[in-house]
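Welcome! Take a moment to look over the sequence and the fold before reading on.

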Amino acid sequence: MTWDYPEANILANSVGGFVPVVHYIAQCIETLPAHNKGIAIQADAQSIDETGDFVISTDPPYYDNIVYADLADFFYIWMRKSLKSVFPDLFRTLLVPKVEELVATAYRFDGDVKKAQHFFEDGMLETFIRMNKYANETVPVTVYYAYKQSEDDSDSNLSSTGWETMLSAIIQAGFSITGTWPLRTEQGYRMISTGTNALASSIVLVCRKRAVNAQVCTRRDFINALKRELKPALGKLQASSIAPVDLAQSAIGPGMGVYSRFSKVLEADGTSMSVRSALQIINQELDHYFTEQDGELDRDSRFCVDLYTQFAFNDVKFGEADVLARAKNTSVEKLAARGVLYAQKGVVRLLTREETPETIETKERIIWLLTQQLTRALEKDGVAGAAKIVANIFTSEPEHAKALAYRLFTIAERKGWAGEAYAYNSLVIAWPDIQSKAAEFQAQLKNAEQMSLFDVEINK
Ligand SMILES: C[S@@+](CC[C@H](N)C(=O)[O-])C[C@H]1O[C@@H](n2cnc3c(N)ncnc32)[C@H](O)[C@@H]1O
């Protein structure tokens with residue numbers, strides 16, 4: 001294990017200092033809804049045997065991500081010296097117990113990676129089976145999950161093994177997944193997230209016990225239900241300005257909701273559809289959703305999205321760009337004149353955000369251009385910069401620009417253009433702030449107009 005942050009000075013009045021840390025904890029306790037006495041017990045989740053039913057909310061380990069028991073030893077040996085007489089049960093062992101820990105570390109299995117993975121996967125399944133047994137019927141089980149569908153798996157034909165294992169275990173244990181709630185849990189300045197598109201949120205998987213008499217359906221039924229239900233669910237997520245980096249994961253909820261509602265989804269050959277295939281289909285539907293949104297764009301922007309997908313801001317031969325432009329019923333010359341393209345000496349390329357004109361056109365707006373202008377204003381002048389633009393537009397075009405930012409994020413992320421993806425992600429995350437600042441500007445403008453009318457009346 002290597003540390004990815006420096007130790008803080010505990011005497012300092014900043015993050016990591018003793019006083020601020022106590023303050024954070026006090027704030028959490030103050031906001032807790034219940035005030036009854038809490039109880040903590042230490043037990044192995046795979047073998048715990050309790051009577052009664054429980055409200056279960058859990059943040060499970062993830063493969064070999066962090067070997068908690070090894071990490072805990074670092075502190076344990078010192079705490080044991082001072083606290084053994086206070087908590088004799090907790091400090092019974094010389095080191096932290098390791099055998100039961102659900103973690104896929106090969107070195108605990110003489111270097112055997114497969115054995116370590118099986119240990120983890122079987123253990124997680126066993127744990128979820130137990131949860132299913134004890135879970136209260138009226139309150140859903142919530143599982144915190146903060147891992148991205150991995151980079152190399154982001155191709156729509158593949159899906160992440162981490163998600164797959166977790167979902168399979170939950171479904172196999174007898175749960176249906178009824179939702180995936182994005183939740184902001186990590187602090188923004190966390191080292192891992194600095195300068196990357198790390199998830200802004202954890203995803204909470206919401207699970208309920210599947211009805212014992214759940215139906216069997218066919219692949220076609222599954223896809224049809226998915227088409228009906230995924231679109232409104234995605235629309236809602238986008239309307240709430242969910243960060244683009246979180247959208248694909250959040251789509252898994254409503255998608256898996258359809259899949260796991262059935263006891264089985266049958267493939268054409270009669271075999272059961274795997275979670276992996278279901279995830280692939282959900283990702284494909286997500287793609288369709290975005291492509292459909294293209295249809296709502298103006299033809300110039302559609303051309304820009306095409307050019308961007310193929311060449312980003314790089315040079316293209318005039319002939320190639322011309323063919324693409326004609327296909328979208330627009331022209332390279334027109335878009336060069338409008339400040340969207342560079343087109344000289346047989347070379348064409350999209351103008352970068354720094355090069356696009358600052359003036360915001362009022363007629364026949366090109367949403368691509370507006371998206372670039374908003375993204376640049378945010379980068380350069382922060383929320384106020386972007387809000388100034390929005391405040392002067394009285395149509396739904398800024399909303400279309402935000403929708404395009406989602407689409408451009410997806411393209412950039414798939415292509416591995418980290419800086420680009422980051423820029424569009426930032427625009428969407430800042431959207432609620434941009435909107436409220438824009439409303440403020442509009443109110444100020446109205447006041448100023450009324451004042452000047454008032455002046456005119458007085459001077460009459
Ligand atoms: C992702 S962490 C949860 C961290 C926690 N939310 C926090 O903020 O401290 C997963 C936790 O599962 C615990 N764990 C691993 N195997 C377990 C088992 N068999 N039974 C109970 N807990 C286990 C690990 O020790 C670790 O604390």
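Is Ala-312 buried, partly exposed or exposed? Ala-312 is partly exposed, because 15 other C-beta atoms lie within 10 Å, whereas a residue needs 20 or more to be buried. This residue returns below, after a look at the whole.

## The protein as a whole

What you see is a predicted model. The protein holds 14 helices and 9 strands. It has 460 residues, and 28% of them are buried.

Contacts also tell us how the chain folds back on itself. Taking contacts between residues at least 6 apart in sequence, 70% join residues at least 24 apart.

## Helix α5

Let us start with α5, a helix of 21 residues running from 219 to 239. From its first C-alpha to its last it reaches 30 Å, close to the 30 Å expected at 1.5 Å a residue. The helix still has a bend: it turns by about 30° at Leu-230, and a proline, Pro-232, follows within four residues.

Which residues of α5 are buried? They are Phe-222, Leu-226, Leu-230 and Leu-234, so the bend at Leu-230 falls on one of the buried residues. The cover over these buried residues includes the strands β5 (216–218) and β6 (264–266), along with the helices α6 and α7 (275–294).

## Helix α6

Next comes α6, which covers residues 244–261. Its 18 residues should span 26 Å at 1.5 Å a residue, and its end C-alpha atoms are 27 Å apart, which agrees.

α6 has a kink too, of about 30° and centred on Gly-255. This helix is mostly covered, with 16 of its 18 residues buried.

## Where α5 and α6 meet

How do these two helices lie against each other? Their axes come within 9 Å and cross at roughly 140°, and the crossing of α5 and α6 is right-handed. By class, the contact has 12 nonpolar, 2 polar and 1 charged residues.

On the α5 side, the residues that take part include Phe-222, Leu-226, Leu-230 and Leu-234, which are also the buried residues of α5. Glu-229 of α5 is in the contact as well. From α6 come, among them, Leu-247, Pro-254, Val-258 and Tyr-259. Gly-255, where the kink of α6 is centred, is another of the α6 residues that meet α5.

## Two residues with positive phi

Ser-241 sits in the loop between α5 and α6. Although it is not a glycine, Ser-241 has a positive phi of about 55°. It counts as partly exposed, because it has 18 C-beta neighbours inside 10 Å.

Now back to Ala-312, which lies in the loop between α8 (299–311) and β7 (316–317). Ala-312 is not a glycine either, yet it has a positive phi of about 50°.

## A meeting across the sequence

Our last stop is Val-383, in helix α11 (residues 367–391). With 18 C-beta neighbours inside 10 Å, Val-383 counts as partly exposed.

How far apart in sequence and in space are Val-383 and Ile-434? They are separated by 51 residues in sequence, while their C-alpha atoms are 5.4 Å apart. Leaving aside neighbours within four places in sequence, Val-383 is in contact with Ile-434 and also with Leu-378, Ala-430, Asp-433 and Lys-437.

Note on methods:
Residues numbered from 1 in each chain as written. Predicted model: local features only at pLDDT ≥ 70, side-chain atom pairs only at ≥ 80, totals over all residues. Buried ≥ 20, exposed ≤ 12 C-beta atoms within 10 Å, placed from the backbone. Contact = placed C-beta atoms within 7 Å. Expected span 1.5 Å × (residues − 1). Bend = angle between axes of the 7 residues up to and from the residue. Axes fitted to C-alpha atoms, helices over the stretch in contact; angles between N-to-C directions. Left-handed = near helix turned anticlockwise from the far one by under 90°. Nonpolar A, V, L, I, M, F, W, Y, C, P; charged D, E, K, R; others polar.
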